[in-house]
Amino acid sequence: MTVKKPVLNPQILNHPPVEQTGVEERSVRFTKRSIKGPSKMQGLELVLSMIDLTTLEGKDTPGKVNQLCTKAKHLHDHIPGLPTVAAICVYPSMVSVAKKALEGTKINVASVATAFPSGQSSLRIKLADTRLAVEQGADEVDMVISRGKFHAGEYAYVFDEIAAVKAACDKARLKVILETGELGTLDQVRKASTIAIAAGADFIKTSTGKIQPAATLPVTLVMLETIRDHFQKTGKKVGMKPAGGISKSKLALHYLVMVKETLGDVWLDKHWFRFGASSLANDVLMQVAKEKAGNYQSPNYFSID
Amino acid sequence: MAKKKKWEYSPAPESKQPAAIAGRYALFINGKWQKPSSGTYFNSINPATEEKLSEIATANETDVNKAVQAAKQAYEKYWKKISPTERGKYIFRIARIMQERARELAVTETLDGGKPIRESRDFDIPTAANHFFYYAGWADKLDFAFPNKKANSLGVAGQITPWNFPLLMAAWKIAPALATGNTVVLKPAETTSLTTLKLAEIIQEAELPPGVVNIITGDGQTGAWLTKHNDVNKIAFTGSTEVGKIIQHTLAGSQKKLTLELGGKGANIIFEDAPIDQAVEGVVNGIFFNQGHVCCAGSRLYVQESIAKKFIQKLKDRIGTLLVGDPMDKNTDIGAINSAQQLKTIQAYIKIGKAEGATFFETDCVLPKKGFFCRPTLFTNVAQSNRIAKEEIFGPVLSILTFRTDDEVIEKANNSPYGLSAGIWTDKGARIFNLSKRIRAGVIWANTYHLFDPTSPFGGYKESGFGREGGLQGLHPYVQLS
Amino acid sequence: MTQQSRLAIWKTYKIYIGGQFPRTESGRSYAIKNSVGKTIANACQSSRKDVRDAVSAARSAWGGWNNRSGFNRGQILYRIAEMLEGRKKQLKDELMAQGYTATVATREINLSIDRLIYYAGWCDKYQALFSSVNPVASAHYNFSVPESMGVVGMLAPTNAPLLGVISLMAPCIAGGNTCLILADQEKPLAAVSFAEVLHSADVPNGVVNILTGYQQELTDWISTHMDINAIVCFDQEKPDWQKIQENGAGHVKRMFRWNTQQLLRAGGQSPYLIMDLQEIKTTWHPIQTIAGSGGAY
């Protein structure tokens, strides 16, 4: 059976302009929501369930990845009934280690691919990188777009690359990292989001976490609005993942408010929203502990893996 | 697998305690709290709960005269003579103390008037304090404000403020008056006197000489006596066009200077190349901010026909997320309507809109059982000749019309006896500068709405009033140039 | 131990660069004596490297300071005044130790505080006076606005240890510039104490930098520094104005020599001093001419 290869329809590049101050004002408004009591507890647990616990360092070893997976399975055993994180995110070389460590759990293994983080390589190598991750057992693939090609105006190239990676993913879900910190303006973020969604992304993701700025509320809002328009036009949902720079529970709750009020309650689920974070989990655990115990906690009591 | 519970916001109530509202307030005349001559008081209630908050004094003609005389004496004896630098420092003190007592003022404003605590806290109170900061700085710089002219103070300014932004409007009135060397007698709106009375406490705390600012509470009659008083040199009024016309008529033949800031029917114009999602926010902000109790509200939405369907759908989806309820809840988006009277007016217009054949839509939020509340309301298929497109409703009700071309919408936007504000949403700079030039309104917001700043002059064309408040131009109404 | 026999802790007078109080990198000092010749402090004899570091700090700080709203700059200047008011006694003692009478010292401090308040009030107002929308003959919206110059080198006058520094600094930073101020060589102590006031008043690091030292040694380095956009001094015998002008010509530095007699007294303040240190930016944008039908408009 021949599957028709997707082609970039240039029409989609005519998206509405984005007014930056307006986006920033709306973003600030989300931070004014006061999340207290049972609402806070439920929100914190939602956040935990949406975290992709991440290690993406040159010095990663099986030892490190195993310890991270243990943390994923045992966030804080002192508090019973906590959800697990959604996934572990590692380099392709560490996927098999993670897969083995997480056997029997519902925690997914996500792998970065396509010459992460820069994406400066040939299509051949990027597809091989993707296939490696998938063969090793990755449930999800986080790819990077070619920002250089994007800025050079070669949108069809960017599109084709994403579509090819999507095909190579087979059953794995594809997250497309736009690296919003390199795109320049919110209009560019909208454009890149539109291209990624059209090319078959299951998720669009803000950042690699390797440069500043990483995820911000305004950038996330623009991406959610793009997802919303796509959903209203086609009935198809696309997930969203802000990554990098979210280390505090309060900020994570602001993001949940944003998702709720922009897309709706159905989207507040790990299938459609993730946090790419490493230290967020412990801050959330400390907040959960405070809500239960009634006093402020200390980092000493929460394991750092 | 258990069904997931929907994530709702728990109530986040602000505490009433910081408000410290007294059971009864007298009149603030000549630096002292004085009982009203008639001995009568009226109740001020919380429009969200209909509970009594306090008792407010009714100033009669004798009290009005006492206050004006105090202001006149203070002008002659102190305020005219104090060095401008020192005058500025007094005003800086007022600003500082307002910042320090911000929470008390914000909670009071919400309890008294029904606006959400988030708005009092984040907008009304800080902007009011900043207005005093701004004009404090002008006190000793008036020689630079009017090329080739000396700016002289007028004497006693009689000022009447409305109930939609009680403390902010008091700041807009008092700050420039004091900075330019005038003394003040101010009458706040009867449904919302409390924050102005607290401002009197602050003025006392700042040790302003007695009589420089006098606050007399009461009803329309109190205001009328103030406008008629012979020793008042200038009248400044913010309120309905109807009353503004009465005041202008009263002043005919007198030497009193006058500024009026009256009603409006702002046109918010969305072109097809607008930043759509941000424009939706701008429209929502334009009509639902402060429950629509805003003179410059974007109460007429003109959306270019080619994008009308999509835009209106996005608008409906967005307003579905607005939370109407207890103004003291930090999550409330739309608070209480200011009074039973105003709610009646709004409901009457909704009836008229339906009768005129416009298509009615309101969100399905649950309203509190007590208090005066109204759901966010849209009317589509509105025509230029409908009453709901012409008359000021002053509530959370938006009339939506379509247009095709620039010249058509310019004409329609201008086709009104009002001329206070307009919004323009487009990606094209050249269009912004064109519409800004041709729309006959005093405040034009391009790709934004409801932005205010002490440095930015505000005021209307036509029946929206005359005179400007804020900025360099805001000094002009309070001086005589020689 | 009685009250009289308690040993006082003497203050070390350092310089102020990038929000920190380092000693001069050269390690040199010079003695500051009181009216009867007793050494009351060792001031830093700053070097060209301190000048270099101060300019670097001022440049880093400039973008952020320039981007703040006029309102925000005004609030900070007002806060400086608040902090100075709280330190009146300390500064009075220092000025008197350097030979001023109580009356003159008090007057100088009060004038200085009021001058700060004056310029605080201008921060969000001078723009309204000195900008314009220009009625060009073509269908264009054309507007001119003042913009800060950047980093300003400022040389304090003699005989106004506190007022001189404030008269330089206030109009400079009110307009969004950052600066490096070389204090009066003979009486630098009030300038250093003023730096402490700045530091406690939310002034961002690097917006104001204060050096003490020998004017003759440092003026050349300041006037030839290519990353200082403007230089301001007073019309006194020193520094050598001719030399400063010649030095700056090589990179088109803006030069200002302010009037000592006018400025160092009550009322010696004006928005025109803010405007001395402003450029003017003019922008054009088309107006697409489409009129509403009906009416001459």
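How many salt bridges does the rule find across the interface of chain B and chain A? It finds nine, and that's a good way into this predicted model, in which chain B touches both chain A and chain C.

Let's stay with chain A for a moment. One of those salt bridges pairs B:Glu281 with A:Arg26, with the closest N and O atoms 3.2 Å apart. On the chain B side, the elements giving two or more residues are H4, helix H9 (276-288) and helix H10 (305-319). H9(B) provides the largest share, four residues. By class, that side of chain B divides into 16 charged, eight nonpolar and six polar residues. There are also 18 residue pairs in polar contact between chain B and chain A, counting those with both residues at pLDDT 80 or more. The contact draws 30 residues from chain B and 33 residues from chain A. Together they bury about 2700 Å², 45% of it on carbon and sulfur atoms. Within chain B, the residues losing the most area here are B:Trp7, B:Tyr9 and B:Gln278, together 30% of what that side buries.

Now swing round to chain C. Here the contact takes 30 residues from chain B and 28 residues from chain C. The buried area is about 2700 Å², with 63% on carbon and sulfur atoms. B:Phe144, B:Phe433 and B:Arg438 lose the most area on the chain B side, together 24% of what it buries. The rule finds two salt bridges across this interface, including B:Arg96 with C:Glu82, whose closest N and O atoms are 2.4 Å apart. As for helices, H14(B) gives the largest share of the chain B side, seven residues.

Methods
Residues are numbered from 1 along each chain as its sequence is written. Chains are lettered from A and ligands numbered from 1 in the order in which they are written. This is a predicted model: local features need pLDDT of at least 70, side-chain atom pairs count only at pLDDT 80 or more; totals for chains, interfaces and linings use all residues. Side-chain values use heavy atoms; hydrogens and water are left out. Contact means heavy atoms within 4.5 Å. Buried area is the accessible area (1.4 Å probe) that two parts lose on being put together, summed over both. A salt bridge is a side-chain nitrogen of Lys or Arg within 4 Å of a carboxyl oxygen of Asp or Glu. A polar contact is a pair of N or O atoms within 3.5 Å; within protein, one must be able to donate a hydrogen and the other to accept it, and residues adjacent in sequence count only if both atoms are side-chain atoms. Ala, Val, Leu, Ile, Met, Phe, Trp, Tyr, Cys and Pro count as nonpolar, Asp, Glu, Lys and Arg as charged, and the others, Gly among them, as polar.
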